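Please find below a short note on the structure, set out as numbered points. The comments concern the sheet, its strands and one contact between side chains.

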Amino acid sequence: MRTPRLAGLGLATMATAALTLAGCADGGSTTPGASAPAAGASATATASGSAADPAAVEALTKATSQLGSTSFKVTANSGPGFKLNGQVDPAQGVGTVEMVASGPNAELNLKTLLAGQDLYLQIPGVTKAGTWTHVDVARLPEGANVGLRPGQIDPVNTSNLLNSSTDVHATGGNSYAGTLDLTKAAGLAGVSQVTIDESGAPAQKVPFTAGLDDQGRLAELTVQIPAVNGQAAQPLEVLYSDYGVPVTVTKPAASEVTEAPDSLYSSLGS
């Protein structure tokens, strides 16, 4: 997720590049509330990994199993060029995400709104000011990451990401560490397939740390994304907070909505 690659791109191409990053969130508090593609999903169903500490696996599994049943806020950043803020309510199937991705010569500000089965985006170069672009979720290419969608209410999709860990262990208190295999989590956590492919073997052993709050819920996650093509590595830092706080989402009026063009679906699949 190297934001400098945005430099010099056309607006529509930039939007596509940024959408491949959306899957995270930015800046937040320390009260967790994470998300999972579905309630009760196992965060680290990898106890079979010989290096895994069963107690640590259980703690993270319990933490992320709560993420599909209560509302929360999530923030994420990777260096100065990528920030994401979101608030979602998995039980109601609603949420909003705003992502900013910037490079030396350009900046994107993308917004996603999910209301049940309806997904709306505001994309520079595609969406007219003051309106929303409605996306047919069934037409989204496999692996396309647009931040939120029905069934994937956590922008970072932490539960699936932690599923790739086989060596999670406690580091003291409510803190944990291990490694992740990003090749098994393509399109998750704001990491583009390009970054994974160019990282090579290191992408299969990416260090992470996680912290829980005093109620055993996920509060923070840091993933050490590998450096690519000589660019400095920028950790992906995610915070979950405000568990249980109501999230209100209002569908845009029909007069404020246009359907996504065919070109958007094809670009998301490229």
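**Notes on the sheet and its strands**

1. Strands S1 and S11 run antiparallel and are joined by 5 bridges. Within this pairing, valine 74 has tyrosine 240 of S11 as its bridge partner. The model under discussion is a predicted one.

2. On pairing with strand S2 (residues 82–89), S1 is again antiparallel, here over 6 bridges. One of the bridge partnerships is that of asparagine 77 with lysine 83 in S2. S1 and S2 form a hairpin in which 4 residues lie between the two strands. Glycine 79, located in the turn, has a positive phi of about 65°.

3. Is S1 enclosed or open to its surroundings? Of its 6 residues, 5 are buried, so S1 is largely enclosed by the rest of the structure. Phenylalanine 72 is buried, with a relative accessible area of 1%; the cut-off for this class is under 20%. Tyrosine 240 likewise counts as buried, at a relative accessibility of 0%.

4. The count of aromatic pairs comes to 1. In this pair, the ring centres of phenylalanine 72 and tyrosine 240 are 5.8 Å apart and the ring planes stand at 65°, so the arrangement is edge-to-face. The angle criterion for that class is over 60 degrees. The pair links distant parts of the chain, since phenylalanine 72 belongs to strand S1 (residues 72–77) and tyrosine 240 to strand S11 (residues 236–241), with their positions 168 residues apart in numbering.

5. The wider setting is an open sheet of 12 strands with mixed pairing, in the order S7-S8-S9-S10-S11-S1-S2-S3-S4-S5-S6-S12. Which strands stand at its edges? They are S7 (169–172) and S12 (257–259); each has a single partner strand, so one side of each is left without a neighbour in the sheet. Neighbouring strands of the sheet are turned by 20° against each other on average, with direction ignored.

6. Elsewhere in the sheet, strand S8 (residues 175–180) pairs with strand S9 (residues 206–212) in the antiparallel sense over 6 bridges. Alanine 177 has threonine 209 in S9 as its bridge partner. Helix H2 (residues 54–65) packs on the sheet and touches S7, S8, S9 and strand S10 (218–223). The direction of H2 makes about 65° with that of S9.

Technical notes. Residues are numbered from 1 along each chain as its sequence is written. This is a predicted model: local features need pLDDT of at least 70, side-chain atom pairs count only at pLDDT 80 or more; totals for chains, interfaces and linings use all residues. Side-chain values use heavy atoms; hydrogens and water are left out. Two strands pair if DSSP finds at least two bridges between them. Axes are lines fitted to C-alpha atoms, for helices over the stretch in contact, and angles run from 0 to 180 degrees between N-to-C directions. Contact means heavy atoms within 4.5 Å. Rings of Phe, Tyr and Trp (its six-membered ring) pair if their centres lie within 6.5 Å; planes under 30 degrees apart count as stacked, over 60 as edge-to-face and the rest as tilted. Buried means under 20% relative accessible area, exposed over 50%, partly exposed in between (1.4 Å probe, protein chains only).
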